[in-house]
Amino acid sequence: MKDQTTGRRTPARPFDVVGFVPGLADWEREAVRLHPRPGAPSRDGSSVGGPLLWPADEAWPVCARMHQGFGTGLPDALPVPMVPVVQAFRSDLPPGVVPFPEGKDLLQVLWCPFDHEFPVSPWPVVVWRDSTAVREVLPQPAPDPGASHRLVPAPCVVHPERVTEYPTRDLPEELAEAWQDDFRRLSEAHPLMFFSDVAEAPGIKLGGYPSWFTWEGPVDCEACGRPVDHLLTVASWECDGDSWRFWLPLEDRDEDGGRAVPVDPTGLDIGGVGSVYVFECRTCPDRPVVHLFDSS
């Protein structure tokens with residue numbers, strides 16, 4: 001794995017989720033927690049906020065949508081260079097979690113570092129490419145001087161880790177009601193709450209379930225109308241004041257099990273403690289994407 005020297009391990013869940021709620025076995029999904037940490041990533045490695053392996057014969061993407069400049073003086077529709085958010089090489093990820101398109105081995109996600117009218121969040125773009133076809137690399141433009149630092153992630157190396165997730169807001173209401181006795185027994189037996197503490201991983205991740213604050217799924221493709229698949233969550237924090245108790249990696253705890261590192265390694269502040277969720281339609285041949293913003 002390139003540029004990743006130390007792994008990150010999420011603690012084992014303190015109870016057997018399926019043992020308490022057997023029906024959830026059919027709803028398990030695998031996700032990849034990226035665990036970004038400040039560093040000096042290279043364009044040849046996976047990263048958050050790091051340099052991209054971008055071909056010299058391909059124009060750097062810009063955003064000309066209506067921006068909310070918040071007093072920066074930026075004209076609403078001035079083209080703005082997008083900034084790198086996530087670069088993920090297939091070879092750096094646990095196998096089988098992220099379905100790369102045929103012939104592609106590199107996922108790149110960029111976004112506009114300004115809020116937009118709707119949704120009021122950065123505007124991402126998704127690029128899949130064959131890294132072996134990149135011969136010369138385009139010099140990366142500097143972020144727009146008016147861009148808010150809170151929407152430009154600090155360069156971070158990543159430590160991809162496979163985890164198993166269970167749905168909360170994506171669980172159909174009728175099933176949640178049918179299994180309410182199982183959930184009650186679980187909550188009575190353990191202080192960590194399933195719905196808020198151990199179901200879905202917080203932080204920046206690929207695959208799995210979105211860790212919604214308020215939205216009730218599903219999300220549909222604008223082209224074909226079918227439900228789309230969760231590709232990426234870009235969150236403000238690795239974990240918050242409650243979720244760290246389970247989701248903070250063992251390597252980031254002190255000898256007493258407390259927090260030994262900050263929980264916001266990227267410096268992102270997306271509407272406070274919000275997240276941007278990127279979905280893609282794997283039914284349509286061009287895999288169109290849709291994104292949503294959600295915050296507490």
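Me: Which residues does Leu206 touch, not counting residues up to four places away in sequence?
Reply: This is a predicted model, where local features need pLDDT of at least 70, side-chain atom pairs count only at pLDDT 80 or more, and totals for chains, interfaces and linings use all residues. Residues are numbered from 1 along each chain as its sequence is written, and side-chain values use heavy atoms, without hydrogens and water. Contact means heavy atoms within 4.5 Å. On that basis Leu206 touches Ala31, Val32, Leu34, Ala88, Leu93, Val97, Val98, Leu107, Leu231 and Leu232.

Me: Which strand gives the most to the largest nonpolar core?
Reply: A nonpolar core joins buried Ala, Val, Leu, Ile, Met, Phe, Trp, Tyr and Cys residues through side-chain atoms within 4.5 Å; buried means under 20% relative accessible area, exposed over 50%, partly exposed in between (1.4 Å probe, protein chains only). The largest has 27 residues, and Leu206 is among those with the most contacts inside it. Strands (E, at least two residues) are DSSP runs numbered from the N terminus, and β7 (83-89), β8 (106-112), β14 (229-235) and β15 (275-280) each supply at least two core residues. With four residues, the top contributor is β7.

Me: Is His35 buried or exposed?
Reply: His35 sits in the loop between β1 (29-33) and β2 (37-38). Its phi is positive, near 50°, though His35 is not glycine. Most residues other than glycine have a negative phi. At 1% relative accessibility, His35 is buried.

Me: What is the mean pLDDT of the chain?
Reply: pLDDT is the predictor's confidence in each residue, from 0 to 100. In this chain, 91% of residues reach 70 or more, and the mean is 89.
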